[in-house]
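Open the model in your viewer, with a cartoon for the backbone and side chains ready to be switched on. The tour below moves from one selection to the next and says what is to be found at each stop.

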Amino acid sequence: MATTRRIRSRSVQPIAAGPSAETGPAHVKAAPGAVVVIPALRPGPVLVTLVDRLEREGIAVVVVDDGSGESWRTTFDRCALAGAHVEHLPANHGKGYALRTAFALAGRLFPGAGVVTADADGQHTVEDILGVRAQLEADASRCGPLVLGVRSFGDEVPLRSRLGNAASALAFRLAAGVPLADTQTGLRGIPAAHLAWAGTLPGDRYEYEYTMLVRAARDGIGLVQRPIATVYEDGNATSHFRPVRDSLRVLAPIGAFAASGLAAFALDTSLFWLLSAMGGPVWTALAGARLVSSSLNFSINRWWVFRGGRRVPLGAAVGGYGVLAAAVLAGGIGLVQLLSVLGVPLLAAKVSADLVLFALSYAVQRLVVFAGPGRRPDPVSVKAGVEPEAVGSVR
């Protein structure tokens, strides 16, 4: 029977692999291949069935009880009897916190092993978990891309899940520059080399999983999509996803970029209108407004939006941003003049040109100007069953 113990309620930090005072050398085992970790809050009997089947396949399982309470103690005891390593949190902290707890525990118990995350509500079949695990294990380097089990979102999927995924997928495409078929998937393969990285990501609830995807794209970690079955037990009744609150948390990672862009846009437009009203030529108003707003945008993006920008030498960042700003300025002037000739009002022409150039500016800043040192991200790829046009390169 696996040992069940309590831990104090505290922020979980990455813990170095190897024996520790808490687990003792007897608890540290050779890596058995990727470990399946399952965060659970007030789970149903399906969790016990899942653990039992995985253990019968010879796969180590770590279950984290995210403060479910004494009423669910029997369920977790049955998981332990089935062979799982069960960790109890005395209070509910959220899925992100529970996952970091699971990563730390898996690292102590099974040094060098990768991790496959799965949900406790029966949405992931054993076959799909084994498939993601096998693909993860196929990378001998142990530092390859994250493997994502992606679902299709047809009419059989509950409306709240379809809406939530649509919102987060749009947000991810804006933030990372590529589409993903399922940004909410809880079935993920994480190589051993990335566990410490995953343990440092912010977010204690559902936003943690979304942050992981965005940060993987920004930090040069590839993403591989693998089609899986779409399963909802009893209409997904045991899910603890809160559509409004958790969708807002999921969208939060792109808030910094949106705020930076809107602040620069508002300043740029205001200065343009002011300089134009003073009787100056259109090109002078455009250039003056863009110089001031670009300085603000550069500072915000380098220090807060694209964190890799902090590692880029200031001279290189200024040079790259300057070239981009000049190109965007030239393009903006050309577009505004073209639209004006076509009869579009001046202010409307300015706004339209900025909207066209907005996406281009973001992509170049993320991919080139503030990319930071290190290898370029691997492409987002897909196994058979997902349309090629549904994926792109994470760079």
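Begin by selecting strand β4, residues 85-89, which is mostly covered, five of its five residues being buried; buried means under 20% relative accessible area, exposed over 50%, and partly exposed in between, with a 1.4 Å probe and protein chains only. Helices (H or I, at least four residues) and strands (E, at least two) are DSSP runs, numbered from the N terminus. This is a predicted model, in which local features need pLDDT of at least 70 and side-chain atom pairs count only at pLDDT 80 or more, whereas totals for chains, interfaces and linings use all residues. Residues are numbered from 1 along each chain as its sequence is written, and side-chain values use heavy atoms, with hydrogens and water left out.

Now show the side chains of β4: His 85, Glu 87 and Leu 89 lie on one side, Val 86 and His 88 on the other, and all of them are buried, so that both faces of the strand are covered. Add strand β3, residues 61-66, which runs parallel to β4 and is joined to it by five bridges; two strands pair if DSSP finds at least two bridges between them. Within this pairing, Val 63 stands opposite Val 86 of β4. Following the chain from β3 to β4 leads through helix α2, residues 73-82, in a right-handed β-α-β crossover, where right-handed applies if, with the strands pointing away from the viewer, the path from the first strand over the helix to the second runs clockwise.

Stay with β3 for a moment, since it can be read in the same manner: six of its six residues are buried, and the strand is mostly covered. Val 61, Val 63 and Asp 65 point one way, while Val 62, Val 64 and Asp 66 point the other way. Next add β2, residues 35-40, which pairs with β3 in the parallel sense over five bridges. Val 37 has Val 62 of β3 as its bridge partner, and β2, α1 and β3 together make a right-handed β-α-β unit.

In the loop between β2 and α1, select Arg 42. Its phi is positive, at about 50°, although Arg 42 is not a glycine. Most residues other than glycine have a negative phi. Arg 42 is partly exposed, with a relative accessible area of 36%.

Select helices α1 (residues 46-56) and α4 (residues 126-137), whose axes come within 10 Å and cross at roughly 50°; axes are lines fitted to C-alpha atoms, for helices over the stretch in contact, and angles run from 0 to 180 degrees between N-to-C directions. The two helices are therefore oblique to each other, given that angles under 35 degrees count as roughly parallel, over 145 as roughly antiparallel, 65 to 115 as roughly perpendicular and the rest as oblique. α1 passes α4 in a right-handed crossing, and the contact is made by Leu 50, Arg 53 and Leu 54 of α1 with Val 126, Glu 127 and Ile 129 of α4. Contact means heavy atoms within 4.5 Å, and a crossing is left-handed if the near helix is turned anticlockwise from the far one by less than a right angle, and right-handed if clockwise.

Move on to helices α10 (residues 282-305) and α11 (residues 314-341), whose axes also come within 10 Å and cross at roughly 145°, again in a right-handed crossing. Among the residues that make this contact are Leu 286, Arg 290, Asn 297 and Phe 298 of α10 and Val 318, Tyr 321, Ala 325 and Val 328 of α11.

Which residues does Asn 297 touch, not counting those up to four places away in sequence? They are Ser 260, Gly 261, Ala 264, Tyr 321 and Gln 365, and Asn 297 itself, at 10% relative accessibility, counts as buried. Gly 288, also in α10, is partly exposed, with a relative accessible area of 28%, and its C-alpha lies 8.1 Å from that of Leu 275, 13 residues apart in sequence.

Two further selections remain. Tyr 97, in helix α3 (residues 95-109), counts as buried at 4% relative accessibility, and its C-alpha is separated by 9.5 Å from that of Tyr 206, 109 residues apart along the chain. Val 368, in helix α12 (residues 346-369), counts as exposed at 60%.

Finally, display the whole protein, which has twelve helices and nine strands, and in which buried residues make up 48% of the 395 residues.
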